[in-house]
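Biologist: Hello! I am new to this structure and would love a close look at a single part of it. Could you take me through it step by step?

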Amino acid sequence: MQLSRTFSGLTNLLFNRRNDLPNTKRKPLRPGKISPRRPVPDHVLMPPYVKSKKPPGIASGAEVHDEEGIECMRASGRLAAQVLQYAGTLVKPGIKTDEIDEAVHQMIIDNGAYPSPLGYGGFPKSVCTSVNECICHGIPDSRALEDGDIINIDVTVYLNGYHGDTSATFFCGEVEEEARNLVRVTKECLDKAISICAPGVEFKKIGKTIHDHADKYRYGVVRQFVGHGVGRVFHADPVVLHFRNNDKGRMVLNQTFTIEPMLTMGSVNAVMWDDDWTVVTEDGSLSAQFEHTLLITENGAEILTQA
């Protein structure tokens with residue numbers, strides 16, 4: 001989720017638009033052909049934003065649930081985890097990211113759910129596929145994955161009126177050690193942040209935990225994109241910052257939100273493509289991300305999107 005309450009009018013403030021990337025060992029990521037939007041059966045409950053091309057932004061108020069809501073969140077989180085796990089098995093040299101989208105789309109609707117990204121602010125696909133230097137919000141297209149790529153797959157499902165949101169970074173074929181280390185440390189950042197969550201804990205401790213661990217390996221922490229409350233709405237309060245900050249908010253019992261750190265090997269400055277979604281590192285350096293939806297319990301945090 002972008003660090004703003006709406007996307008409109010802020011693109012040029014947050015990003016320097018450019019099409020050129022410096023020379024790297026890898027081929028720079030380039031847009032491919034985007035296939036037509038995939039249909040969703042009429043019987044599948046759709047989130048209210050689908051018919052609008054304007055993103056709803058971050059809804060005010062935390063997502064705090066009663067027992068029925070908690071069970072609904074567990075169900076949506078469980079399905080999101082299963083879909084992500086399946087999507088990861090598809091990652092191999094030669095597969096197109098659009099083929100991953102097709103498989104994800106079908107699995108979600110087969111389970112009676114709606115793929116939350118589809119139609120969110122006009123997003124044209126059912127999953128985000130962010131390859132190599134793409135930080136987030138990559139649009140699945142005709143580009144085939146290559147040996148040595150890393151790819152973040154970001155899955156969100158809307159099941160019975162509740163969103164479950166998760167992502168992971170996968171290896172495609174033989175991946176260089178420096179990329180593997182980035183992915184490993186990014187996952188460690190998420191795990192460490194989850195471990196400190198509990199009722200009454202300040203949200204700023206999440207950012208400090210992630211930033212401190214990333215600093216040990218001299219990785220950058222992306223600031224423009226954040227975790228968020230999630231539940232009956234896709235993006236809600238609180239804004240969860242992954243870097244050191246002075247947020248005074250605290251976690252409360254039965255609250256649900258995401259933590260989704262994005263780390264880079266180089267610059268943390270982001271460049272948005274002309275599609276208004278795809279975000280890449282300014283210097284073409286690799287980026288990795290992991291994400292879970294959490295429920296705050298009396299004993300800490302329950303990972304709702306654990307496979």
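Which residue in β9 is the bridge partner of A62? Please start there and then show me the surroundings.

Modeller: Happy to! Please keep in mind that this is a predicted model. The partner of A62 in β9 is D237. That pair belongs to the link between strand β1, residues 59-62, and β9, which run parallel and are joined by two bridges.

Let us stay with β9 for a moment. This strand covers residues 236-240, and five of its five residues are buried, so the strand counts as mostly covered. β9 also pairs with strand β8, residues 227-229, this time in the antiparallel sense and through three bridges. One of the pairs to look for is G227 with V240 of β9. Between β8 and β9 the chain makes a hairpin, with six residues joining the two strands.

From V240 you can step to I259, since V240 is among the residues that I259 touches. Others on the list of I259, leaving out residues up to four places away in sequence, include L190, I194, I206, F290 and E291. I259 is also one of the residues that touch the most other members of the largest nonpolar core, which has 63 residues; I100, I153, I206, F257 and L263 share that description. Helix α4, residues 177-195, is the element that gives the most to this core, with eight residues. There is also a second, separate core of 14 residues, with Y49, Y114, Y120 and F123 among them. As general background, nonpolar side chains in soluble globular proteins tend to be buried together.

Now follow the contact from I259 to E291. E291 lies in the loop between β14 (287-289) and β15 (292-297). E291 is buried, because its relative accessible area is 0%, under the 20% cut-off. Beyond four places in sequence, the residues touched by E291 include D154, D165, H228, T258 and I259.

Two of those names come up again in the UniProt record: an unreviewed entry lists D154, D165 and E291 under "binding site". These three span 138 residues in sequence, yet no two of their C-alpha atoms are more than 8.1 Å apart, so they gather at one spot. The record, again an unreviewed entry, also gives residues 71-298 as "domain: Peptidase M24". Over that stretch the chain is 29% helix and 27% strand, with its end C-alpha atoms 16 Å apart.

D154 deserves a pause of its own. You will find D154 in strand β5, residues 150-159. D154 is buried because its relative accessible area of 12% is under 20%. Even so, D154 has no salt bridge, and the nearest side chain of opposite charge, K187, is 15 Å away. Leaving aside neighbours within four places in sequence, the contacts of D154 are V127, C128, D165, T166, S167 and E291.

Finally, look at β14, which comes just before the loop that holds E291. β14 belongs to an open sheet of three strands in the order β7-β11-β14, with antiparallel pairing. β7 (220-221) and β14 stand at the edges with a single partner strand each, so one side of each has no neighbour in the sheet. Strand β11, residues 262-264, meets β14 over three bridges, and one pair to find there is T264 with S287 of β14.

Methods: Residues numbered from 1 in each chain as written. Predicted model: local features only at pLDDT ≥ 70, side-chain atom pairs only at ≥ 80, totals over all residues. Heavy atoms only, no water. Helix = DSSP H or I, 4+ residues; strand = E, 2+ residues; numbered from the N terminus. Buried < 20%, exposed > 50% of the residue type's maximum accessible area, 1.4 Å probe, protein only. Lys, Arg positive; Asp, Glu negative; His and termini not counted. Salt bridge = Lys/Arg side-chain N within 4 Å of Asp/Glu carboxyl O. Contact = heavy atoms within 4.5 Å. UniProt positions renumbered as here; feature names shortened; annotations may be inferred. Pairing = 2+ DSSP bridges. Core = buried A, V, L, I, M, F, W, Y, C linked by side-chain atoms within 4.5 Å.
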